[in-house]
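Me: Please take a close look at one part of this structure, a strand inside the sheet and what lies on either side of it. I would then appreciate a connected account that leads from there to the surrounding elements.

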Amino acid sequence: MNPAYATVDHVFTVPLDHSAPHGPTIEVFAREVVARGREGERLPWLLYLQGGPGGKSPRPSAGSPGWLPQALKTHRVLLLDQRGTGRSTPVTARAASGFASPAQLADYLSHFRGDAIVADAELIRRELCDGEPWETLGQSYGGFITLTYLSQAPEGLRACYVTGGLPGLTATADDVYARTYPRVRDRVLDFYARYPDDALRLREIAGLLAATDVRLPDGDRLTVRRLRTLGLALGMGDGFERLHWLLDEALAPDGELSATFLHQVMGLTGFVDNPLFVVLQESLFAQGAGRATGWAADRALADFPEFAESADPLLLTGEMMYPWMVREIAGLRPFADAADLLAARTDWPPLYDPDRLAVNEVPVAAVVYHDDMYVDAGLSLRTAREVGATRAWVTNEWEHDGVSASGGRVLARLMDLAADRA
């Protein structure tokens, strides 16, 4: 633990289903962080809403997360493990295996979207902050949650900062993936332009995987389509380099895949720590009755022949989830049938209230990363125009992780924007 920080751990008992407050409960964990020496001061609260879905809140250490020192200059920070993540009654493969049926698991998982996270946050705010409103910092999916918060409980918010996470308020999963594939294609081609030998190396690895049965350390078969999911990293500021150096050690002297490479690929593509990232990904875009997401990314793939495994160059994939993943990846197999049920579900409640957002009065400052691989900038800017009291800052200086990579500069600028000081 960084000696500059003082921390307090909190555990809250919340309803699994907030519409049935006397039913089953789960635990939600949050860590309070304050600059050492200021523990007794009355400081405004800043709630951090982590990206995901399925990502736990960062654990504070020296220099990480990069925005935290900036926030602690003025605020007391709450790092929330959103329900199902980290120490908040985690949803794991082992937990999923304990359900009596896929239908029961699917019903359970339906309570882990942004509306439930907002209800948890409001319960925590009332208990922890004496009912005073707080500010929020929403990274990526945390921005989606922010718009749900503004739709459902704006009285709990003093100001909101959003980094790479303004969702399209009415965009369907089909709309999202029609925009995502071209962005991923362009990013992969940029990667190959920087590291042309890596395009050849990936094709060589793919040929090896197609010809032989290569197993990861956990016993899963490494297929070409699983190899291609390594492209998920390319939207982060250091993603090109991380992938390049991974490929640099991929081949052993005998021409086989190295143990180092296989071990790292297993970790990067196994989703052991965050199965909800795969299982709930498309449900983020499901609102209102009558329309199922239906594995939208998989359906959209047919519209982009350049992503065929036989195409040259071999294109990697990004933040798209496919039905084969929940059957071929060990950490996801217990979710397979439930994930199909979620994909077929047509009665998702709405996450955003466009009418209420249009008259929003809570100051919102959002950075939109012009070249964001994960969140479409066009949809984000449309939302910025549709939500009252919102100021958007568009930049290509950083990638999707700019709030941390900038060392606090992004957060400082957003605070200025929200206070109308920029």
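Reply: Glu 135 of strand E5 has Ala 159 in strand E6 as its bridge partner. The model is a predicted one, and everything that follows is computed from it. The pairing to which this bridge belongs is parallel, and E5 and E6 are joined over 6 bridges. E5 also pairs with strand E3, which covers residues 45–49; that pairing is parallel too and runs over 4 bridges. In E3, Leu 49 is the residue that stands opposite Gly 138 of E5.

How many residues of E5 are buried? The count is 6 of its 6 residues, so E5 is mostly covered, where buried means under 20% relative accessible area. In a regular strand, side chains alternate between the two faces of the sheet. In E5 both faces are covered: one side carries Trp 134, Thr 136 and Gly 138, the other carries Glu 135, Leu 137 and Gln 139, and all of these are buried. Glu 135, the partner of Ala 159, thus belongs to the side shared with Leu 137 and Gln 139.

The neighbour E6 shows a related picture. With 6 of its 7 residues buried, E6 is largely enclosed by the rest of the structure. E6 spans residues 157–163 and pairs in the parallel sense with strand E9 (residues 364–369) over 4 bridges. Within this pairing, Cys 160 is placed opposite Val 364 of E9.

These strands belong to an open sheet of 8 strands in the order E1-E2-E4-E3-E5-E6-E9-E10, and the pairing in the sheet is mixed. Its edges are formed by strand E1 (5–15) and strand E10 (390–395), each of which pairs on one side only. On average, neighbouring strands of the sheet are turned by 20° against each other, with direction ignored.

Following the chain out of E5 (134–139), one reaches Ser 140 in the loop that leads to helix H5 (141–152). Is Ser 140 buried or exposed? Its relative accessible area is 9%, and Ser 140 is therefore buried. Leaving aside residues up to four places away in sequence, Ser 140 touches Gly 51, Thr 163, Gly 164, Gly 165 and His 400.

Away from the strands, two helix pairs can be described in the same terms. Two packed helices are described by the angle between their axes and the distance between the axes. Helix H3 (residues 102–109) packs against helix H14 (residues 336–344) at an angle of about 60°, and their axes are 8 Å apart. H3 and H14 are therefore oblique to each other, and H3 passes H14 in a right-handed crossing. H3 contributes Pro 102, Ala 103, Leu 105, Ala 106 and Leu 109 to the contact, while H14 contributes Asp 337, Ala 338, Leu 341 and Leu 342. By class, the contact of H3 with H14 holds 8 nonpolar residues, no polar ones and 1 charged residue.

Asp 107 is also found in H3. Its relative accessible area is 46%, so Asp 107 counts as partly exposed. Between the C-alpha atoms of Asp 107 and Val 367 the distance is 35 Å, and the two residues are 260 apart in sequence.

Ala 93 has its place in helix H2 (residues 93–97). Ala 93 counts as partly exposed, since its relative accessibility is 22%. Apart from residues up to four places away in sequence, Ala 93 touches Gly 331, Pro 334 and Phe 335. The C-alpha atom of Ala 93 is separated by 18 Å from that of Glu 27, which is 66 residues away along the chain.

In the second helix pair, helix H6 (residues 173–194) and helix H7 (residues 196–211) pack at an angle of about 110°, with axes 4 Å apart. H6 is therefore roughly perpendicular to H7. Their contact is made by Phe 191, Tyr 192, Ala 193 and Arg 194 of H6 together with Pro 196, Asp 198, Ala 199 and Leu 202 of H7. The contact of H6 with H7 divides by class into 6 nonpolar, no polar and 2 charged residues.

Conventions: Residues numbered from 1 in each chain as written. Predicted model: local features only at pLDDT ≥ 70, side-chain atom pairs only at ≥ 80, totals over all residues. Heavy atoms only, no water. Pairing = 2+ DSSP bridges. Helix = DSSP H or I, 4+ residues; strand = E, 2+ residues; numbered from the N terminus. Axes fitted to C-alpha atoms, helices over the stretch in contact; angles between N-to-C directions. Parallel < 35°, antiparallel > 145°, perpendicular 65-115°, else oblique. Left-handed = near helix turned anticlockwise from the far one by under 90°. Contact = heavy atoms within 4.5 Å. Nonpolar A, V, L, I, M, F, W, Y, C, P; charged D, E, K, R; others polar. Buried < 20%, exposed > 50% of the residue type's maximum accessible area, 1.4 Å probe, protein only.
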